Each structure stands twice: as C-alpha cells, then as structure tokens.
Amino acid sequence: MMFFFKGVRKLVREIKVKSVLNKQKHADDWFLSGYSLNPYSGCSFNCVYCYTRGSKYGENQVTGLAAKINAPQVLVKQLKNRARKREYEFIAFGSATDPYLPVERNLQITRELLMIILRFHFPVHMVTRSPLILRDLDILKKIGEKAVLPAGLVGKMDKGIVTSFSFSTTDESLAQIFEPGAPAPHERLETMRQCKKEGLVVGAIFMPLLPFLSDDEEQLEDMIKTVKEYGADFILASGLTLFGEGSQDCKTRYYTVLGEHFPELVIKTRDLFGKSFAPSRKYQHMLHQRVIKLCKKHQIRNKVY
C-alpha cells in the first residue's frame, strides 16, 4: 500500500515487519546503546554521503521511503520480553534513518514507539536533524525520569534520555549541497538550545566530517564553539566513509557532487581514501587527536558522559 500526505513530496510505502528492535552484540561505546530502532526504512533527507547507500547497513532497506506501520505492536512484544528479563539498555533512534522525517508529523510512529518505551522504562538516545523532536519533549522528559539505566551506567548518568543532533558542517551553504533535504544547521542548533532549556542532555554528532571542507582545525573549532554556545554537553566526531559503486551508492554520489561543486578536491579525496571505504589510518588518527585537543580547549566532553 502507498499513501500521500499534503506537504510531503514523496510517496511513502506502508510495510509490515517481524522485528523492529535490533539487539547489538555489544553496547556501543559512543552512543551507549544496546539496541537500535528505526521506525522508517529509507530517508527523505537525501544526504549525499549517507553510509546506508551501498553499505551492508542498507541491505535490508526497501527502495524509496517506507513506514513500518506495525512497528508499535511488534515493539510491545519485544520490549515486554526484554523487560521481563531485565535486559535494560539504551535504545538508539536514528542509526539508519532519521526518526523525525517529514512524514512523521502525520504518521506519528516515532511518538507511539516512545510511549511504549516509556511504559517499559527503557532509556533512549535520540539522534536527529529535525525540529520535530520538540513535539515529543513531554514523552522524552518522562522517559528520562523513569528509565532503568543499564548496570554499567548507574552512577555515571542520572537520566535515561540523551538527545543528539547530527551535523557534517554548520555552514549553511555547504549543508545545502551535501544535505539537500535536511533541516538547515541553524534549525538544528535552535532545536538543540530548546532541548537543553528543557533539561535534557544534548550533544552534537559531527558524523561525518567532510575531508577538506569541514575537518580542518579552524573549521572544526568554529563548529565546536558554535554548538557549545547552543548548549551542547558533548561532541562525537568521525570521518567520512564511502561505500558502493552503484549509481545511487554514497561513494558514487559523493564524488559526483564533489566534482560539481569542488572539482579541485576530487583527486585529493580519492588519494585520501585509496582503495578503502575509509580515509587512511593516519588521517583518522590526526582527526581524532584534533577533536580531543579542541574539546579540551573549549571544555566540552568528547563522549556522552
């Protein structure tokens, strides 16, 4: 089945799933999550560098945008079983697609899932680019108060809710090129500020930083200073990854867009990656050290807690 909403340009498929809560082998050191959950398959934000296009993480995604219409019923069964065994871990929203796509305004699948999570007292890490998260502050604050923290985080955190906002850059014109369908950086920053005012732990996810565009010391320092001014408690950062050889895979799309707007960077970027999906280890180490140094300088954490 397909349906169409006023103000939403793309048709949205309605699909049913057997599972919606994905158990990770190990709790994620960066996002603290032991589970991931994606209410939608595919993404209308259309970020050029999206790692799900061409990587193993996008293998189970349907073509186009789809809503997991039975996700709430499935989640009740899965969380009831996990809660009975007291397998409390953070649930990460947004690992493969944003939980607050424009269609969520009408469908409210994410909101319904959050209400179920509140009922079973699981902690949540929301990762988004959308101001629509403000609609659900009432539920998110209750989750933070009532969630049962994993044993390893007791005493390290006092709330079971973390809200993070994703950026590859805070430059408006650059974001328009590489994130054409996503809310503008200034919208994300203002949303972060409002979440902070409501007492939530908020962070900025610089993933991915774009080689030669948003990763040098001056650019990165400006990004860190900016998000801190808007209330960020922490920063997580990593470099770009490029997968696939198909016409719609992120590697192909990224080099196409880079060639259109920054042709002088194509050879430099290809040399940085070589035959790998990731930049050289030397670059990754340099970027990591740069982030640590700048976080210390501006007194902001480079981890959630």
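**A note on helix α7, some aromatic rings and one exposed residue**

1. Let's start with Glu221. Its relative accessibility is 17%, and buried means under 20%, so Glu221 counts as buried. Please keep in mind as you look that this is a predicted model.

2. Where does Glu221 sit? Glu221 is part of helix α7. Leaving aside residues up to four places away in sequence, Glu221 touches Leu294, Lys297 and His298. Try finding these three in the structure above.

3. Glu221 has company. The buried residues of α7 are Leu220, Glu221, Met223, Ile224, Thr226 and Val227. What covers them? The cover includes two helices, α6 (185-197) and α10 (281-297), together with the strands β9 (161-167), β10 (201-209) and β11 (234-239).

4. Now for a small check on the helix as a whole. Helix α7 runs over residues 217-229, which makes 13 residues. At 1.5 Å a residue, the helix should span 18 Å. The C-alpha atoms at its ends are 18 Å apart, so the expected span and the model agree.

5. The two ends of α7 deserve a look too. At the start, a side-chain oxygen of Asp216 comes to within 3.1 Å of the backbone nitrogen of Glu218. Just after the helix, Gly231 has a positive phi of about 105°.

6. Next, the aromatic rings. How many aromatic pairs are there? The count comes to 7. Take Tyr254 and Tyr255: their ring centres lie 6.2 Å apart and their planes meet at 75°. Planes over 60 degrees apart count as edge-to-face, so this pair is edge-to-face. Both tyrosines are buried, and they belong to one aromatic cluster with Phe178 and Phe262.

7. Rings can also have a charged group over them. The charged end of Arg270 sits over the ring of Tyr255, 3.9 Å from the ring centre. Another example is Lys268, which lies over the face of Phe212 at 4.3 Å from the centre of that ring.

8. Finally, consider Gln299, in the segment after α10. Is Gln299 buried or exposed? Its relative accessible area is 69%, and exposed means over 50%, so Gln299 is exposed. Measuring from C-alpha to C-alpha, Gln299 and Leu174 are 27 Å apart in space, and the two are 125 residues apart in sequence.

Conventions:
Residues are numbered from 1 along each chain as its sequence is written. This is a predicted model: local features need pLDDT of at least 70, side-chain atom pairs count only at pLDDT 80 or more; totals for chains, interfaces and linings use all residues. Side-chain values use heavy atoms; hydrogens and water are left out. Helices (H or I, at least four residues) and strands (E, at least two) are DSSP runs, numbered from the N terminus. The expected span of a helix is 1.5 Å times one less than its number of residues. Buried means under 20% relative accessible area, exposed over 50%, partly exposed in between (1.4 Å probe, protein chains only). Contact means heavy atoms within 4.5 Å. A polar contact is a pair of N or O atoms within 3.5 Å; within protein, one must be able to donate a hydrogen and the other to accept it, and residues adjacent in sequence count only if both atoms are side-chain atoms. Rings of Phe, Tyr and Trp (its six-membered ring) pair if their centres lie within 6.5 Å; planes under 30 degrees apart count as stacked, over 60 as edge-to-face and the rest as tilted. A charge sits over a ring if NZ of Lys or CZ of Arg is within 6 Å of the ring centre and within 35 degrees of the ring normal.
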